[in-house]
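Please walk through this model one part at a time, with the coordinates open beside the text.

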Amino acid sequence: MAGALIQFQDAVYGVGGRTLLGPLSLEVAQGETLVLLGPSGAGKTTALRLVNALLLPSEGEVQVAGRSTRQWDPVRLRRGIGYVIQEIGLFPHLTVERNVGLVPRLEGWPARRIRERVRELLDLVGLPPADFARRMPHELSGGQRQRVGVARALAADPPILLCDEPFGAVDPVARQELQLEFGALTARLGKTVVFVTHDVREAMTLARRVALLEQGRLVFVGTVEAFAATPDPRVARLRELR
Amino acid sequence: MSFWAYLAANRAEVLQHTWEHVWMVALSSGCAVAIGVPAGILLTRRPAWRAWVLGFANVVQTIPSLALFGFLIPLPFIGGIGARTAIVALVLYGLLPIIRNTFSGITSVDPAVREAARGMGMTDAQILWIVELRLAAPVILAGVRIAVVLGVGIGTIAAAIGGGGLGEFIFRGVAMVNHAVILAGAVPAALLALLADGALHLLERRLDWRRGGAP
């Protein structure tokens with residue numbers, strides 16, 4: 001596929017003789033949002049962690065921007081990929097401002113530019129900087145923390161965003177709001193997004209394409225329209241569960 | 001002679017031995033931190049060594065202090081009669097709480113925080129300095145506090161092998177069966193322990209991110 005930013009080429013990941021994922025062949029085009037859908041244990045998180053080299057494939061390879069993750073310097077690769085996880089992992093000892101500004105700081109941006117960038121990002125995720133910049137993570141609600149997590153992932157303007165059930169722990173009302181805002185935001189910024197979820201409704205809200213994983217295998221991949229229409233029984237069953 | 005009268009009459013000597021004591025504990029605690037913190041960090045990277053290293057430190061802790069001083073005297077370079085041997089013994093005693101607290105402080109960092117740090121492209125060194133040590137700081141400092149207070153107490157035995165310090169008065173007082181002389185060593189030692197404990201406790205609280213203290 002032309003313009004594929006991320007390519008899984010027969011990628012397999014296993015530990016101790018047990019295959020957790022693959023062989024998986026899948027491409028993510030520049031600027032699209034691909035949702036990895038599947039029950040827990042399907043290998044979604046494993047697939048995601050192969051992209052930013054938190055895991056390396058045992059067989060086959062994963063390419064990012066045309067280069068295998070084995071050849072990338074993992075630190076450089078990860079600085080260009082925003083990563084949002086369900087537990088968020090905000091640094092509890094740093095203010096919201098310092099959390100969001102961390103990657104720019106590691107990248108050696110001047111302090112003033114970091115401050116401006118943090119303000120811009122907090123506005124972008126709907127947290128007025130005047131109110132939130134100086135707060136500590138424990139002074140935020142779950143939804144607010146998740147917004148900070150998204151802002152932090154976007155801080156150094158990475159072309160790719162990896163999200164691992166980022167809204168899983170947020171209450172349903174805040175969750176829907178976050179999904180809609182997140183979808184609009186990433187589309188506007190032109191980010192390439194790989195989004196992991198087990199929630200069909202969330203997948204259909206956010207995805208341009210959906211990849212369904214079951215027990216480490218890709219069982220369906222197609223546009224969200226195809227996903228909604230396919231007679232494939234494995235997909236149909238999920239649609240009914242919704 | 002009463003305690004106060006003895007103290008007043010021997011002001012200079014009390015001050016001198018107090019100073020020796022402070023110096024002995026400060027130096028040994030500094031060495032224990034310099035060895036114990038890196039050792040604790042190393043253990044988090046090599047969990048297989050944990051049982052051996054903590055086991056060694058545990059065994060050292062169980063050796064009665066007077067016996068440990070005695071064992072060290074015949075050793076070349078580190079042994080002999082005097083303050084040096086006492087300092088080596090105090091370092092050995094201080095290691096266990098510092099290694100143990102460094103290890104448990106770092107391993108108790110939320111795995112999600114570590115995952116996020118790795119995922120955002122922090123190097124191992126950055127994760128250690130910016131995240132792990134910073135979050136573990138209050139726990140590590142609590143270990144240092146235990147080591148220092150322990151050192152002030154055990155340091156009084158240094159006098160038995162010519163190491164000086166406030167133990168001089170205690171041993172002298174015991175030999176003379178004179179409470180005033182014992183107290184001239186015991187009271188300043190107790191005050192030192194309280195002072196060190198209080199100061200380190202304050203520092204510990206300042207470093208505690210849960211209180212939103214330091215940056």
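**From a glycine in chain A to the helices of chain B**

A:Gly60 is partly exposed, because 17 other C-beta atoms lie within 10 Å, a count that falls short of the 20 required for a buried residue. The model is a predicted one. A:Gly60 belongs to strand β4 of chain A, which covers residues 59–64. In sequence A:Gly60 is 50 residues away from A:Asp10, yet their C-alpha atoms are 4.9 Å apart in space. A:Asp10 is one of the contacts that A:Gly60 makes outside its neighbours within four places in sequence. The others in that set are A:Gln9, A:Ala11, A:Val12, A:Gly22 and A:Pro23.

Two residues of chain A deserve a look for their backbone angles. Most residues other than glycine have a negative phi. A:Glu165 is not a glycine, but its phi is positive, at about 45°. A:Gln215, also not a glycine, has a positive phi of about 45°. A:Glu165 sits in the loop that joins β7 to α8 of chain A, while A:Gln215 sits in the loop between β9 (209–214) and β10 (217–223) of that chain. Is A:Glu165 buried or exposed? A:Glu165 is buried, because 20 other C-beta atoms are found within 10 Å, and 20 is the number at which a residue counts as buried. For A:Gln215 the count within 10 Å is 13, so A:Gln215 is partly exposed.

The next stop in chain A is helix α7, made of the 13 residues 142–154. From the first C-alpha to the last, α7(A) reaches 19 Å, close to the 18 Å expected at 1.5 Å a residue. How many of the 13 residues of α7(A) are buried? Eleven are, and the helix is mostly covered. The buried residues are A:Gln144, A:Arg145, A:Gln146, A:Arg147, A:Val148, A:Gly149, A:Val150, A:Ala151, A:Arg152, A:Ala153 and A:Leu154. Both strands and helices of chain A contribute to the cover: it includes β6 (81–85) and β7 (160–164), together with α3 (96–100), α4 (102–106), α5 (111–124) and α8 (172–189).

Chain A also touches chain B. In this interface 17 residues of chain A are in contact with 16 residues of chain B. On the chain A side, α2 (74–79), β6 and α4 each supply at least two residues. By class, that side of chain A has eleven nonpolar, three polar and three charged residues. Two of these elements, β6 and α4 of chain A, are also among those that cover the buried residues of α7(A).

Chain B has nine helices and zero strands, and its pattern along the sequence is accordingly α-α-α-α-α-α-α-α-α. Its C-alpha trace spans about 70 × 40 × 25 Å along the principal axes. Of the 215 residues in chain B, 40% are buried. Among contacts in chain B with a separation of 6 or more, 71% join residues 24 or more positions apart.

Helix packing in chain B can be followed through helix α7(B). Two packed helices are described by the angle between their axes and the distance between the axes. Helix α5 (residues 83–107) and helix α7 (residues 124–154) of chain B have axes that come within 8 Å and cross at roughly 160°. The two helices are therefore roughly antiparallel to each other, since angles over 145 degrees are classed that way. Their crossing is right-handed. The contact includes B:Leu90, B:Tyr93 and B:Pro97 from α5(B), and B:Ala136, B:Val139 and B:Ile140 from α7(B). By class, this contact has 14 nonpolar, seven polar and two charged residues.

Helix α2 (residues 11–45) of chain B also packs on α7(B), at an angle of about 140° and with the axes 10 Å apart. That angle makes α2(B) oblique to α7(B). This crossing, too, is right-handed. From α2(B) the contact takes B:Val25, B:Ser28, B:Ser29, B:Ala32, B:Val33, B:Val37 and B:Ile41, and from α7(B) it takes B:Leu128, B:Ile140, B:Val144, B:Ala147, B:Val148, B:Gly151 and B:Val152. The residues of this contact divide into eleven nonpolar, three polar and no charged. B:Ile140 is listed in the contact with α5(B) and in the contact with α2(B).

Terms used: Residues numbered from 1 in each chain as written. Chains lettered and ligands numbered in written order. Predicted model: local features only at pLDDT ≥ 70, side-chain atom pairs only at ≥ 80, totals over all residues. Helix = DSSP H or I, 4+ residues; strand = E, 2+ residues; numbered from the N terminus. Expected span 1.5 Å × (residues − 1). Buried ≥ 20, exposed ≤ 12 C-beta atoms within 10 Å, placed from the backbone. Contact = placed C-beta atoms within 7 Å. Nonpolar A, V, L, I, M, F, W, Y, C, P; charged D, E, K, R; others polar. Axes fitted to C-alpha atoms, helices over the stretch in contact; angles between N-to-C directions. Parallel < 35°, antiparallel > 145°, perpendicular 65-115°, else oblique. Left-handed = near helix turned anticlockwise from the far one by under 90°.
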